[in-house]
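Hi everyone, thanks for coming. I'd like to walk you through a structure today, taking it slowly and explaining the terms as we go.

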Amino acid sequence: MAGIVGVLRKEVKVLNAVTEWIKGGHSHRLIVILISLMVGVCTALAAFVLKFLVSFIQNFLTNEFDVSKVNGLYLLYPAIGIFLCSLFVRYVVRDDISHGVTKILYAISRKRARIKRHNRWSSVVASAITIGFGGSVGAEAPIVLTGSAFGSEMGKRFHLPQQTVMLLVGCGAAGAIAGIFKAPIAGLMFVIEVLMLDLNMASLLPLLVTSITSVCVSYALYGTQSMFSFHLEKPFSIDIIPSCIMLGVFCGLISLYFTRAMNWIEGVFAKLKKPLPKFVLGAVILGVLIYFLPALYGEGYEVIGQLINNASADEIMHNTYFYGQGERSLLIYLSLVLLMKVFASSATNGGGGCGGVFAPSLFVGAIAGFVFSSLWDFVFRLNQGTFGFILPANCALYGMAGLMSGIMHAPLTGIFLIAELTGGYQLFVPIMIVSAVSYLVICAFEPHSIYAMRLARRGELLTHDKDDAILTVLNLDSLIEKDFLCVKPDWNLSKIVTAIESSRRNLFPVVNEGGQLIGVMSLDSVRHYIFRSELYHKYSVSNFMKEAPAILTSTDTLKVATEKFDETKAWSLPVVDDNGRFVGFISRSGLFNSYRKTLVDFTAE
């Protein structure tokens with residue numbers, strides 16, 4: 001124990017020394033570049049540790065399984081993983097670490113890009129346990145949260161402004177995607193499309209530095225080969241465009257099914273307030289699904305590799321009742337997996353596990369493409385290579401891009417990621433067609449990605465619209481002016497005069513005994529009476545107060561406040577808490593002064 005403490009102390013000393021060296025005499029721009037390089041190294045190492053832990057646990061648990069038989073341990077392993085993860089989160093982390101990408105979006109829009117320090121390691125441990133024991137989720141969202149936490153912590157450590165910290169959070173996310181997939185361009189596209197940071201040319205350089213650094217570290221740790229080996233048998237030809245368009249429509253509809261089904265299932269789990277019922281429901285659903293459909297075990301990358309490399313039906317359907325029944329059963333099996341994956345993923349997180357939908361999107365996309373190819377071939381009898389024939393392996397790649405484009409609303413990320421994952425650059429055109437069509441289809445039904453829709457419903461989502469982005473970033477609490485003297489409705493004019501003498505404001509909130517706001521009294525309404533002492537006992541606050549033109553609550557966004565100012569033409573509006581108690585006023589001038597200052601920060605190079 002003493003040795004571990006000694007090592008940690010040495011690491012802290014080294015980090016402090018590096019910090020002081022970076023701070024000393026360097027320009028702000030150079031400091032940001034150096035920090036982005038450090039974030040790339042840390043993120044790549046975290047991704048390597050997570051992948052190693054997941055692989056080690058899975059191999060240890062399933063290496064001895066007989067592929068020709070159904071294994072009852074599939075019922076048990078996922079429950080153990082969810083249980084261990086729940087204990088770890090509840091008693092060690094003591095914080096909610098689910099929905100990693102959503103947490104990053106919330107931190108960017110509402111928490112000044114501040115992410116809690118424990119996210120640098122807690123998501124890695126929790127997701128390794130969950131996925132290693134069979135949780136049907138991905139490791140990418142946890143590692144993205146980990147990378148962003150590194151960026152946020154570095155920004156705080158160097159006391160950088162909010163806009164720079166926000167950029168470093170994006171650097172961490174880009175490095176995570178680049179490191180875990182060896183896909184630097186996809187990492188950059190992820191930040192632009194999913195995190196929706198409004199970038200300029202100056203901010204692109206730190207993102208590129210982090211992505212390249214992370215990829216280089218990954219190359220050094222486990223080689224330069226692509227994540228999936230893929231042999232191109234049939235290059236793109238103009239005759240497959242109709243089938244690609246139809247596949248894009250199919251992927252868009254599957255994305256819609258996945259998104260809405262996941263939201264519905266999450267709602268079911270949210271109604272269960274206690275952890276035990278959530279765990280039991282999640283463990284039962286997940287265990288049963290994996291027992292009958294073992295392809296749902298873990299991330300599913302093994303199945304993706306089999307589909308894009310034309311593996312046999314028995315290889316894909318190992319440990320199932322379908323084993324040995326030939327190619328005819330494969331389509332039925334994969335269709336069931338396609339439909340049930342969303343239930344398995346939702347049950348994993350709902351039951352107490354930790355993971356994201358990045359890998360499930362790729363997994364469902366590969367299966368969707370393979371199933372579509374088989375159906376297209378069957379319906380149009382194109383197995384002789386005639387007009388419009390698409391290979392199942394190629395189609396699996398197209399489907400991966402299509403589902404990522406639909407579920408995550410990230411067509412560019414899907415396009416570049418699939419090309420970088422497989423080296424299938426010669427299929428760029430069909431991948432682009434499928435991604436674009438899938439994105440258009442999903443946007444007709446769902447305006448936001450599966451990550452962003454929770455925040456969008458609450459008006460807390462940062463977008464590329466600069467006005468909306470600034471009004472989202474601005475903090476309502478920081479604009480509330482609280483030095484107002486409250487008056488009661490039964491106070492007579494004598495008390496009103498005394499209050500006016502002791503106040504520096506010309507507005508007076510009128511509250512009842514419980515502190516709830518019931519009106520507003522202005523100095524102008526009293527001005528003609530304050531020098532007439534004979535009226536001091538004839539008039540009270542209730543004679544002078546008026547109803548506020550509009551009332552803001554402390555949970556409103558600045559966008560709501562701006563809309564109410566425009567509607568009422570008022571110069572100040574009162575703010576109350578959830579119980580109606582008076583908190584303070586927000587002035588139109590204060591709001592727009594903050595808006596202008598934030599606009600300068602957003603557009604600064």
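I'll talk about one helix, then a pair of helices, then a small sheet.

First, some ground rules: residues are numbered from 1 along each chain as its sequence is written. This is a predicted model, where local features need pLDDT of at least 70, side-chain atom pairs count only at pLDDT 80 or more, and totals for chains, interfaces and linings use all residues, while side-chain values use heavy atoms, with hydrogens and water left out.

Helices (H or I, at least four residues) and strands (E, at least two) are DSSP runs, numbered from the N terminus.

Let's start with α3, residues 73-93. Which of its residues are buried? Among them are Y74, Y77, I82, F88 and V93; buried means under 20% relative accessible area, with a 1.4 Å probe and protein chains only. The cover over them includes α2, α5, α11 and α14. Right after α3 comes R94, with a positive phi near 60 degrees.

Now, α14 also meets α10, residues 241-270. Residues of α10 in this contact (heavy atoms within 4.5 Å) include F250 and W264, and those of α14 include L338 and F343. By class, the contact has 14 nonpolar, three polar and one charged residues. Nonpolar covers Ala, Val, Leu, Ile, Met, Phe, Trp, Tyr, Cys and Pro; charged covers Asp, Glu, Lys and Arg; the others, Gly among them, are polar.

Finally, the sheet: it is open, with three strands in the order β3-β4-β5 and mixed pairing. Strands pair if DSSP finds at least two bridges between them. The edges are β3 and β5. β3 and β4 run parallel over two bridges, and L552 stands opposite V575 in β4.

Methods: The expected span of a helix is 1.5 Å times one less than its number of residues. Buried means under 20% relative accessible area, exposed over 50%, partly exposed in between (1.4 Å probe, protein chains only). Axes are lines fitted to C-alpha atoms, for helices over the stretch in contact, and angles run from 0 to 180 degrees between N-to-C directions.
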